Amino acid sequence: MSNADITDSRGLAISAPSADVVERFDAIVRDLYYYRLGVIDRLDELLAEAPDLALGHVLMGYGLLTEGSAAAEPKARDHLERAEALPSNRREQLHAAALRGWLDRDDTARVSAWERILVEWPLDLLALRQHAATLFWTGDKRHQAELVIGVAGQWGSQTPGYGHFLSAFAFSMEETGHYAVAEQAARQAIAIEAQDLWALHALAHVLEMQSRVDEGIELLEDAARFLNDYNLFRGHLWWHLSLFRHARGEFDAALELFDREIFPKSSTFYLDIQNAAALLVRLEFQGVDVGAARWERIAEAAAESATTCTLWFTAMHDVIALIKTDRQAEAQATLDYLHSEGAASPQPALAYDLSQAAVAFYSGRPGEALEAMLALRQRHGGLGASHAQQDLYDQIMVIAALKLGDWPRVRELLKARLATRIWDEPSWQAFERGSRRVDALEDEAGVRAALRWALD
Ligand SMILES: [Fe+2]
């Protein structure tokens, strides 16, 4: 029997058979956003015991779609249909509508359902975090920031799960350049939970964007104690550490991280593929011989998953690994998949164009690659991802221009890249210093250093 009076830890009514089920569901949501291990297994168990928990089925659907693979969609739809058939309150029905919108690739329906929830129930952590996470992959950083700011007044230190609000707030502030605000919120969240991976990640981004390399290494070397106690998101924190090593020119250390933590064995998880390919590309641009085996490891995963991946920022990484290992047929199959999906949706269409450019770049046609990427330049962000991840596009364009000996373009690209970090007075000063250094660049070594942000 459902009891309409049962509420969760933030006072929101939830249709559930008992207070104990709600307590367990609350703990699952809390641990999900702490990236703890075994959370989905716990949700499976809970749904086996309480199959009428509508919001549990919706959460399972969200979890499945977060995998970013078309292969997970039928199971997510099963959970959606079960949720829709169960007795539920209006908030839960809106969650089901958001899941349906997500599954049907109807962004408007998904966004409006989550936003309606947050208008009426700003403490709905599930709506807040899922909405923020999906916006991250649409590339709309401003929207993400507005979303979190919009509920900020309702969250406070006494609200259960406040750390989860703070970490989302910190990351959205970082991606819109409010570094001081972001840092403060991230540190507050870390004070609540020292092993809050999303807050540590937001702080790592602040340090990355401000080129505070030593602090970044200190932060993440300290986190190394516990990172592997967490789920696969941990690989992305290891990747951030490798970026700081790369910035220092410690390429062996970055490769060691690749082999030990970032991509120790082949993985089809989209974030693992992104992290791994992006690191190898960056290292090769520094003149490092990364060997064939590492690309092979990524390409095996890409060959298996690229034509079902729905996280479109991954596509270019897949295609690069496939081309680097001479898997022309698999690369073509990926392009065909993007082209076909792109007929009905702008993201795969953009992923197709960017992947074509990557094929040209890695097939000895840097002029074609650069021209194609320049034509799309103002839309690169449309596949989502962070500024740090999107830097891959700029790196490829700079190296393409360098291969062409087009020095005016090299300098222009490097300055435009510096400009992605201008948001305030200190970053203006850093930009002006860096910009003068870029204008004085005359050799390849200087360009490679600039790609590590080493301009001071
Ligand atoms: Fe990141």
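Good morning. I begin with one residue, Trp295, which has its place in helix α16, residues 292-305. Please bear in mind throughout that the model is a predicted one.

Is Trp295 buried or exposed? Trp295 is buried, because 22 other C-beta atoms lie within 10 Å, and the cut-off for a buried residue is 20 or more. Leaving aside residues up to four places away in sequence, Trp295 touches Leu280, Ala321, Lys324 and Thr325. A further residue, Asp353, may serve as a point of reference: Trp295 and Asp353 are 58 residues apart in sequence, and their C-alpha atoms are 22 Å apart in space.

Let me now turn to the chain as a whole. What does its secondary structure come to? There are 24 helices and zero strands. The radius of gyration is 22 Å, close to the 23 Å that the globule rule gives for 456 residues, and the chain is therefore as compact as a globular protein of that length. Along the principal axes, the C-alpha trace spans about 75 × 45 × 35 Å. Of the 456 residues, 49% are buried. Among contacts with a separation of 6 or more, 57% are between residues 24 or more positions apart.

I come next to the domains. The chain is divided into domain 1, residues 1-135, and domain 2, residues 139-246. Taken over C-alpha atoms, the centres of domain 1 and domain 2 are separated by 24 Å. Their contact takes 17 residues from domain 1 and 22 residues from domain 2. On the side of domain 1 that touches domain 2, at least two residues each are supplied by α1 (19-33) and α7 (125-136). Which helix gives the largest share of that side? The answer is α7, with six residues. By character, the residues on this side of domain 1 divide into eleven nonpolar, two polar and four charged.

We may now look at the interior. As a general matter, nonpolar side chains in soluble globular proteins tend to be buried together. In this model, the largest nonpolar core has 154 residues, and those that touch the most other members are Ala170, Ala186, Ala199, Ile298 and Val398. Helix α11, residues 197-209, provides the largest share of this core, ten residues. Domain 1 and domain 2 both give residues to the core, so it lies between them.

One of those core residues, Ala199, deserves a moment of attention. Not counting residues up to four places away in sequence, Ala199 touches Gly163, Leu166, Ser167, Ala170, Ala186, Ala189 and Ile190.

That list brings us to two further helices. The first I shall take is α10, residues 179-192. Helix α10 has 14 residues and reaches 20 Å from its first C-alpha to its last, close to the 20 Å expected at 1.5 Å a residue. Which residues of α10 are buried? They are Tyr179, Ala182, Glu183, Ala185, Ala186, Ala189 and Ile190. The cover over these buried residues includes α9 (162-175) and α11.

Helix α9 also has 14 residues, which should span 20 Å at 1.5 Å a residue, and its end C-alpha atoms are 20 Å apart, in agreement. Why may α9 be called largely enclosed by the rest of the structure? The reason is that 13 of its 14 residues are buried. After α9 comes Gly177, which has a positive phi, near 85°.

Positive phi values also appear in residues other than glycine. Ala385 is not a glycine, yet its phi is positive, at about 85°. Ala385 has its place in the loop between α20 (366-375) and α21 (387-403). Ala385 counts as buried because 22 other C-beta atoms lie within 10 Å. A second case is Trp453, where phi is near 65°, again a positive value in a residue other than glycine. Trp453 lies in the segment after α24 (444-451). With 20 other C-beta atoms within 10 Å, Trp453 is buried; a count of 20 or more is what the term requires.

I close with a residue in a less enclosed setting, by way of contrast. Asp78 has its place in helix α4, residues 73-85. Because Asp78 has 14 C-beta neighbours inside 10 Å, it counts as partly exposed. Asp78 and Arg245 are 167 residues apart along the chain, and their C-alpha atoms are separated by 44 Å. Thank you for your attention.

Methods
Residues are numbered from 1 along each chain as its sequence is written. This is a predicted model: local features need pLDDT of at least 70, side-chain atom pairs count only at pLDDT 80 or more; totals for chains, interfaces and linings use all residues. Helices (H or I, at least four residues) and strands (E, at least two) are DSSP runs, numbered from the N terminus. A residue is buried if 20 or more other C-beta atoms lie within 10 Å of its own, exposed if 12 or fewer, and partly exposed in between; C-beta atoms are placed from the backbone. Domain bounds come from an automatic or database domain assignment. Two residues are in contact if their C-beta atoms, placed from the backbone, lie within 7 Å. Ala, Val, Leu, Ile, Met, Phe, Trp, Tyr, Cys and Pro count as nonpolar, Asp, Glu, Lys and Arg as charged, and the others, Gly among them, as polar. A nonpolar core is a set of buried Ala, Val, Leu, Ile, Met, Phe, Trp, Tyr and Cys residues joined through C-beta atoms within 7 Å. The expected span of a helix is 1.5 Å times one less than its number of residues. The radius of gyration is taken over C-alpha atoms; the globule rule is 2.2 Å times the number of residues to the power 0.38.
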